[in-house]
Amino acid sequence: MIAHAIRISTQGGPDVLQLQEMEIGSPGPGQVLVRQTACGLNFLDVYHRSGAYPLPLPSGCGSEAAGTVEAVGADVTAFREGDRVAYQGGEPGAYADRRIVPTTRLVRIPDGVSDEDAAAVLLKGMTVEYLLNRCVSLKASDFALMYAAAGGVGLLAGQWAKHLGIRLIGVAGGEEKCEQARASGYAEVIDRNREDILARVKEITGGRGVPVVFDSVGKATFDTSIDCLAPRGVFVSFGATSGPPPPVEASLLQKKGSLYFTRPTLVTYSSSPEEYAAASSAVFDLVARGVLKPTIGQRYALADAAEAHRDLESGRTSGSTILVP
C-alpha cells in the first residue's frame, strides 16, 4: 500500500518537512489501515520537528488524525472496514493520507462529530481533560489562569472550565483573540499586548492571586506566573512555546508562598489503556453534547505543512489547525 506522508530526515526549521511517497504495507496483528481525511496540528509537532524533543531519524511528524478504517489485521475484531476513527499519541507520523495504526490508540468518532472536528479536538481535548480534572483540584467558582487562551487548547479549556463552573482567566494577544477567548467561556480575559498580566490578576482576584496557573509558554512567562499565584498555589507548566522555563529552585517556591510546581504530560496521564479510553471518551462525549465546540481557525493542504508550522510558531494562527491530505 502506497501512502503520501510528511517525513523529516534531520531536525530543524519548517523546511525539513518533506512530502514523500512511501510503501507502508498491510496492517498486521492488532493494527488497522486508516485512510486519513484530517490531520491535527499541535505544538508538540514543532518540538518533534525542531529537535526540542529528539527523535530517531528519519521520522514522520504529527500526533493526531481522523479518517476511515480501510483494512484490518487478521486478529482485529473491535474495528471493521468503514468505521470512522481518530487517534492521538504514539510514534510521530500522523501527517499522511494513509497510516497503519495500532488499535490501542483508536477511538470511534461519534455520530454528529465530523472528521475534522475529531482531528482538531482529540489531543487538545485530552490535554484539557487531565489539566482540569486530574492534574489539580479545582472547585466550582475557583479562579485559575490560562495562557494562550485563543489557541487550540486554550479555547477548549475555556469551554470545559465554564462547564465545570471554574472561573478561568485567559491571557491572549490582541482584541480579536481576546474576543475569541471571551466567547469560549473565559470569566475574564487579559490582553497581553496592552495590559499588565500580574496587575490584572491581582485586581480580578481581590489581591489574592490564583490557586493555579496553567502555563504553556515557558521561559517568557515564568516570573509572571510565579507572582500570579496565591500562597500554596500550583504552577502547572505544560508547554514551552517561548523556550523552557528556568530551573526551579526550592527556595523560590518557599519564598513565594509555599508554592507547588509540576510539569505534566498527556503521555503520563493517558499511559494505561483505561486512562486513554476514559479521557478520549470524555472529550468526544462533550463534543457530541455540544459542550465543546472545536474552533478550526485555518486549514492547509498536507503538502503545505511547513507553512502551517511557520504560522503556528509565529502566532498567526488561532484555534485549531487542520492539515488536509
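A contact means that heavy atoms lie within 4.5 Å of each other. This definition is needed for the legends below, which describe a predicted model.

**Figure 1. Overall fold of the protein chain in the predicted model.** The protein chain contains 10 helices and 16 strands. Its radius of gyration is 20 Å, close to the 20 Å that the globule rule gives for 325 residues, so the chain is as compact as a globular protein of that length. Along the principal axes, the C-alpha atoms fill a box of roughly 60 × 40 × 35 Å.

**Figure 2. Contacts and burial within the protein chain.** Among contacts with a separation of 6 or more, 68% join residues 24 or more positions apart. Of the 325 residues, 53% are buried.

**Figure 3. Surface and charges of the protein chain.** The accessible surface comes to about 13,900 Å², and carbon and sulfur atoms account for 50% of this area. The chain carries 31 positive and 36 negative charges, and the mean positions of these two groups are 6 Å apart.

**Figure 4. Surroundings of Cys135.** With 17% relative accessibility, Cys135 counts as buried, because buried means under 20%. The closest cysteine sulfur to that of Cys135 belongs to Cys228 and is 18 Å away, which is too far for a bond.

**Figure 5. Surroundings of Cys228.** Cys228 has 0% relative accessibility and therefore also counts as buried. For the sulfur of Cys228, the closest cysteine sulfur is in Cys178, at 15 Å, again too far for a bond. A disulfide requires a pair of cysteine sulfur atoms within 2.5 Å, and a search of the whole structure finds 0 disulfides.

Key: Residues numbered from 1 in each chain as written. Predicted model: local features only at pLDDT ≥ 70, side-chain atom pairs only at ≥ 80, totals over all residues. Heavy atoms only, no water. Helix = DSSP H or I, 4+ residues; strand = E, 2+ residues; numbered from the N terminus. Rg over C-alpha atoms; globule rule 2.2 N^0.38 Å. Buried < 20%, exposed > 50% of the residue type's maximum accessible area, 1.4 Å probe, protein only. Areas by Shrake-Rupley, 256 points an atom, 1.4 Å probe, with all protein chains shown as cover. Lys, Arg positive; Asp, Glu negative; His and termini not counted. Charge placed at Lys NZ, Arg CZ, Asp CG, Glu CD.
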